[in-house]
Amino acid sequence: MEQNLIAAFAQENMKTIYAYALSRVARREDAEDLAGDILLALLSCASRLKDEEALYGFVWSVANNTYKKFLRKKNRQTCVSLPREDLEQIADPEDFTLELALEEDRREQLKRLRRELSLLSREYRECILHYYFEGLSCRETARELGISLDMTKYYLFKTRKLLKEGIGMEREYGTKSYQPAKFTFKTLFSGSYNPEYRYLFDRLLPGNILLSAYYTPVTVRELALETGVPTPYLEDEVALLVRYGLLNILPPKNGSESAPSSGSAAADMGQALSGRNRYQTNMVIFTEEYMGELYEKLAPLCTRFLTDILSAMRRQLPTFRAVGFQGADLEDDRLLWPLLWLVMHRGNALFNQRSSEQYSWQNIYAHATGINVGINYSEDESPYTTFGFAGYSHISDDYAAAFADFGVLPEKNRYLQHDTQTVRDAVRADSGEYVVFRGTQLSEMENLLQPQIRAMADLYEETVSMAQALLLSHAPESVAKLIPHVVGKLIFFDTVGLLGKCALDSGALHLPETEYPLAVFIYRTATDSAENSRVRPADGCLS
């Protein structure tokens, strides 16, 4: 079987083998001889190939050794054929070629040794450094590292084996070594602020570690090859992700070689992060494929619901205007955009009340709970994006704004594109360009919109069910238990832009020509009877 594999490789790569030979000898005739020797050597030692994945490294290792033998043979032949007087006058060029070849081989071996040292996990690396580089004995190394003598001997034996195997391999680094993947970390949390946690993903490396370990458990060595980052730099990042529960430690594969007990509690704890263990991501990651399929499936459902909701709201406009809030005389579509956001916001609040016992916040670190999710795509490129939204955005001591800057809105119609002072002046001047509610007016509007708010809560229930089922088919089984809570708590945040686009696509809502923000309403936060008495503002939900 191995001989057939080698023969097939040689047949497919004949030109490559000849090119290899021609690059190492000056004469075409010698290149043909060398290529023939390489092919013969490959077939004669084919039985030594034990792993098909090592074929590439095996072939070029044989080719390199054959080239050295070829040079030595040529050197002997040249020495015999040249006259003595010529040898006394000039240096043998083949000797010089051999010297260069050996020097090149030494440099290549040293380069590979350094590469393999950079892939060693901490316990192996520290042992090899103390024993070989610092000249400590096994007993001194054991004492320095706080582990048993047997453990030290095991690490040295295992390290020598790993280095010997690795030096003979052709290793390929993963695409993340030169093209880091897109990764955005999102967390909703309540509790004490932890800057280390919040800024963990300001760097590219943590997100790419989680992406590399998402579908398949990996070792630190495999992470090093995938990311192109040496293990000494990876280990601290991995330890940090493990500490915050974003990476799970899995035991070595069944049947893998196990190390003896260290006899030290501290060292045993260190083995929990050893190179023998595998790591897998303990966080749901929304991929581009998942989100694309989710929006595709949800769009018809959301459009159907919003057609009914907006049509009913349009029929009720005379009743809404009779409440007498500021801006009640705005044209129909100018009035429907802020009311749509009111229905979405309150519909989500009703959905949360209904599902309060189904979906819960998770412990994310000491004294803080919340939900984590990774985003492996560019949200700005989606037609269903949103550029920001809030249930509470401070305007003044007396007023706050609730807004949704749907991605389908022109830039001039987004609230965040307008200066707060300009909005504040417009409200104080009673300009009529914004929908402004007093406390009693907002409560009255919520009562009038109850049928639509309940319908919106129903829509959120259906979107959650659909999103959970779809995510279970996209995500690895290792995070399946997290999916209901992640989707249940985040569906509102992930579908604001989708609902804005579906509302426009439904034909029941249009974009009016105006320079002012559209999907925003303003409400009074001070009671009418006492300016300094405050009522609790509507729950904020920032993106």
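Leu205, Pro206, Gly207, Asn208, Ile209, Leu210, Leu211 and Ser212 of helix H11 are buried (under 20% relative accessible area, 1.4 Å probe, protein chains only). H11 spans residues 204-212 and is mostly covered, with eight of its nine residues buried. Its cover includes helices H12 (220-227) and H13 (231-243). Strands E2 (247-250), E3 (278-281), E4 (285-287) and E6 (368-376) also belong to that cover.

This is a predicted model, in which local features need pLDDT of at least 70, side-chain atom pairs count only at pLDDT 80 or more, and totals for chains, interfaces and linings use all residues. Residues are numbered from 1 along each chain as its sequence is written, and side-chain values use heavy atoms, with hydrogens and water left out.

The protein has 21 helices and ten strands. Both are DSSP runs, numbered from the N terminus: helices are H or I with at least four residues, strands are E with at least two. Of the 543 residues, 49% count as buried. The accessible surface (Shrake-Rupley method, 1.4 Å probe) comes to about 27,600 Å². Carbon and sulfur atoms hold 50% of that surface.

Contact means heavy atoms within 4.5 Å. Among contacts with a separation of 6 or more, 77% join residues 24 or more positions apart.

Confidence is given as pLDDT, the predictor's score for each residue from 0 to 100. Its mean is 81, and 81% of residues reach 70 or more. Two stretches stay under 50:

| Stretch | pLDDT | Contacts beyond four places in sequence |
|---|---|---|
| Residues 77-98 | under 50 | 14 contacts |
| Residues 255-272 | under 50 | 31 contacts |

Key. Buried means under 20% relative accessible area, exposed over 50%, partly exposed in between (1.4 Å probe, protein chains only).
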